[in-house]
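Subject: Structure handover

Hello,

Here is the structure for you to load. My notes on it come below.

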Amino acid sequence: MKLIICENYEEMSRTAARIAAETLLRKPDALLSFAGGETPLGFVHRFADMVNSGQIDPSRAYYVSLDEWAGLSREDEGSCGLFNQKELLGRMRIPFLQAHVINGAADIEEECRSLDGFIAAHGPLTLSVLGIGMNGHLGFNEEGVRFDLNAHVIPLSETTKRVMPKYFGEKFHPEYGISQGIRQIMAAETVLLLASGEHKANILREAVRGDVTNQVPASILQTHPSCVVVADKAAAAML
Ligand code: F6R
């Protein structure tokens, strides 16, 4: 694992966008996948800015979303689909050649099959940009997840359920998530793990310095041949 410690959230976001841009410059037909949520918001905005200023051209590249709350559609407030549309895809003046965004309101087993199909057709992932959950989850690969799965539906952990009102208040109460599996994430050429804020310091230490265990799914990234942790000072405080 390579560790890049940034002064603050803004620097973390710019650093990650620079790495994503370098990936696209090196491989114009890359398959990119970015997490949703609070952590990557600045990163996806910077990425879209770089597209709009002509620094990078996504028109030969592919994009696939990482995960979704089961039951939420791409229009629902707080869904990963809406995040993708509003914060990334809808901001880019030049679109990706193809973008595949999970629909949590559709038949979720079918969504897993089509996610697997898209990644198999255009993959493996060139770059996966991830956030880390308070329980160490990656996407919705929760504690105890098998590391050999592709896309799957998984019960949300108690920790994730406790955190989820920050995305959509009490409007939705999903019990399951749909997620790329650890197998697909681990097959990515490069993985960026972003972390920001002191509330992530403890779990980031466990993921980066602790044992590799499925009780802290992000710890598997210690065994990835090209994983870069980009954290701000607050999140990196216990490393
Ligand atoms: C969201 C996702 C999740 C988040 C994680 C951290 O698409 O994949 O694994 O990355 O829960 O969320 P934030 O960044 O909101 O703290």
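The notes cover the ligand site, the aromatic pairs and one peptide bond.

Please keep in mind that this is a predicted model.

**Ligand site**

Start with the ligand. Its surroundings comprise 16 residues. Thr-39, Asp-67, His-137, Tyr-167 and Lys-200 are the closest. By class, the shell holds seven polar, five nonpolar and four charged residues. The ligand takes up the space of the largest pocket.

Three polar contacts are worth loading into your viewer. Each involves an oxygen atom of the ligand.

- Tyr-167: an N or O atom of the side chain is 2.5 Å from a ligand oxygen.
- Asp-67: here, too, a side-chain N or O atom is the partner, at 2.6 Å.
- Gly-36: the partner is a polar backbone atom, and the distance is 2.9 Å.

How much of the ligand does the protein bury? The ligand exposes 410 Å² when taken alone, and the protein buries 94% of that.

**Aromatic pairs**

A pair of aromatic rings is described by two values: the distance of the centres and the angle of the planes. Searching the whole structure gives 11 aromatic pairs. One of them joins Tyr-62 and Phe-118. The centres are 6.4 Å apart, and the planes make an angle of 65 degrees. Planes over 60 degrees apart count as edge-to-face, so this pair is edge-to-face.

What does the pair tie together? Tyr-62 belongs to strand 3 (residues 62-64), while Phe-118 belongs to helix 4 (residues 108-122). The pair therefore links parts that are 56 residues apart in sequence.

**Peptide bond**

One last item, on the backbone. Gly-123 and Pro-124 are joined by a cis peptide bond, with omega at about 0 degrees. Pro-124 sits in the loop between helix 4 and strand 6 (127-130).

Best wishes

Technical notes
Residues are numbered from 1 along each chain as its sequence is written. This is a predicted model: local features need pLDDT of at least 70, side-chain atom pairs count only at pLDDT 80 or more; totals for chains, interfaces and linings use all residues. Side-chain values use heavy atoms; hydrogens and water are left out. A residue is near a molecule or strand if one of its heavy atoms lies within 4 Å of it. A polar contact is a pair of N or O atoms within 3.5 Å; within protein, one must be able to donate a hydrogen and the other to accept it, and residues adjacent in sequence count only if both atoms are side-chain atoms. Accessible areas come from the Shrake-Rupley method with a 1.4 Å probe; for residues, only the protein chains shown count as cover. On a 1 Å grid over the protein atoms alone, a cavity is a set of points where a 1.4 Å probe fits but cannot get out, and a pocket is an open set with protein on both sides within 12 Å along at least five of seven lines; lining residues have an atom within 4 Å of a point. A molecule sits in a cavity or pocket if more than half of its atoms lie within 2 Å of its grid points. Ala, Val, Leu, Ile, Met, Phe, Trp, Tyr, Cys and Pro count as nonpolar, Asp, Glu, Lys and Arg as charged, and the others, Gly among them, as polar. Rings of Phe, Tyr and Trp (its six-membered ring) pair if their centres lie within 6.5 Å; planes under 30 degrees apart count as stacked, over 60 as edge-to-face and the rest as tilted. Helices (H or I, at least four residues) and strands (E, at least two) are DSSP runs, numbered from the N terminus.
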